[in-house]
Amino acid sequence: MRSVIIRRNWIEIRLKSIAIALLAILAAISLTPARLSTQNMPVIIGRIEGDDLAVKTTTTVGIEIDAGPTVVASGSDVTVRSGHARILLDSGGEISICGPAHFTLVNSTGAITLALDYGRVHPSLSSSETFTIYTPSVVATPVAISGARRDTTLGLDQNGEMCIFTARGAMRVEPQFAGQSLIVPQGGIVNLADGQVESLHSDASSCSCDFPRASAERPRPPISREIAALRRPVQPNRKKPDSATPPSLTQEPIYTVIMPPLSFDANSPAPPPDPSPETILLVREIRMRPTVVFRGHVNPAPAQAAASVPTASPLPKPVDDRPPSPEPGLMARLRNFFQKLKGKSPCAGAGCGN
């Protein structure tokens, strides 16, 4: 009986240890992040980062769906819902994406193929690895010039319109269902519809896609603080400018070079010859300054001409220095009255009273 009890306890302990081991394994599996690893994934092409994206990759254990930042492998299906994204290639270079965009990346024997459904991609390649962009209508291949860097942009709208901009290098465009091909030279900007050139542009912003990383990479300057006592405000210098010195009226000349357009031939191993100096014109444009320059101001004319003539002031009266004569008395007034009646002039002055 005792041996049966001991055996039962041993079996219970064994079952508990097995259950604990199973629970630990399940917990480790549940805590493993849903990220691609090198053991269950195909060849890694690079690493992607961006605002709003999803990367779907088929592995040996199933389908992995990850958000950025994550790795991109051969056969990964990438969807950029909005904003910008960037793929750093392991072979060298990068690919900027402007959403909304959807494409698939495939790496086969050292050649990278980007199958673009819609969106705008900007591959900037520094290596000699073959890179091809497949669209439903054309196949575009960036071409290096003298082994330099390839910097091109291809945009495809959902309605089928396409734009191509070649900042560095050229772009070979081959329609899917035709034997002819088109070379977009360096600096060219074209619009295509159904594989045919529709229009040419001179504005690079109409077909550009750059990842906004300047603000993130620029180091912030250190914050400097200074504590000091307040000072009295400095009075501004109110010195009037010297009116005798005239302002400078000089103007730099404008030079314009007129020359024949440059040519490019992708099939020729040697560069094209330089244009002849006899076919180049240098135009110098400058504005001549007149010999006489008037500077100053003009006073307004007076309202009335007569008001400007001064009126003659009246002459002052002469001053009489003689003492005033005394007023006549009562008898003198009576005498003057009777003399007026007789028609004689009245007596006035000294001696009339005698």
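Helices (H or I, at least four residues) and strands (E, at least two) are DSSP runs, numbered from the N terminus. By that rule, V257 sits in strand β15 (residues 254-258), and the protein comes to three helices and 16 strands. This is a predicted model, in which local features need pLDDT of at least 70, side-chain atom pairs count only at pLDDT 80 or more, and totals for chains, interfaces and linings use all residues. Residues are numbered from 1 along each chain as its sequence is written, and side-chain values use heavy atoms, with hydrogens and water left out.

**Overall figures**

- The protein has 354 residues, and 24% of them count as buried; buried means under 20% relative accessible area, exposed over 50%, and partly exposed in between (1.4 Å probe, protein chains only).
- About 27100 Å² of the protein is exposed, with carbon and sulfur atoms supplying 57%; accessible areas come from the Shrake-Rupley method with a 1.4 Å probe, and for residues only the protein chains shown count as cover.
- Among contacts (heavy atoms within 4.5 Å) between residues at least 6 apart in sequence, 49% join residues at least 24 apart.

**Salt bridges**

- The whole structure holds three salt bridges, each defined as a side-chain nitrogen of Lys or Arg within 4 Å of a carboxyl oxygen of Asp or Glu.
- R86 pairs with E49 at 2.4 Å, N to O. This pair links distant parts of the chain, with R86 in strand β4 (residues 77-89) and E49 in strand β1 (residues 44-59), 37 residues apart.
- R86 also forms a salt bridge with E94 at 3.6 Å, N to O, and E49, R86 and E94 are thus linked in a network of salt bridges.
- Within this network, R86 is buried at 10% relative accessibility and E94 is buried at 14%, whereas E49 is partly exposed at 28%.
- R81 and D52 meet in a salt bridge of 2.9 Å, N to O. R81 lies in strand β4 and D52 in strand β1, so the pair ties together parts that are 29 residues apart in sequence.
- Both members of that pair are partly exposed: R81 has a relative accessibility of 47%, and D52 has a relative accessible area of 30%.

**A buried charge without a salt bridge**

- E129 is placed in the loop between β6 (111-125) and β7 (131-134).
- E129 is buried yet has no salt bridge, and the nearest side chain of opposite charge, R150, is 7.0 Å away. For charge, Lys and Arg count as positive and Asp and Glu as negative, while His and the chain ends are not counted.
- Leaving aside residues up to four places away in sequence, E129 touches S91, N107, G110, A111, I112 and R150.

**Nonpolar surface patch**

- Y255, V257, M259, L262, I280 and L282 make a nonpolar surface patch of about 630 Å².
- Patches are made of residues with over 30% relative accessible area and no salt bridge; like charges are joined within 9 Å, and nonpolar side chains (Val, Leu, Ile, Met, Phe, Trp, Tyr) within 5 Å.
- V257 counts as exposed, at 53% relative accessibility.

**Backbone geometry**

- Most residues other than glycine have a negative phi, and most peptide bonds are trans.
- G99 and P100 are joined by a cis peptide bond, with omega about 0°; P100 is found in strand β5 (residues 94-108).
- S146, a residue other than glycine, has a positive phi near 55°.
- S146 lies in the loop between β8 (138-143) and β9 (150-156) and is exposed at 78% relative accessibility.
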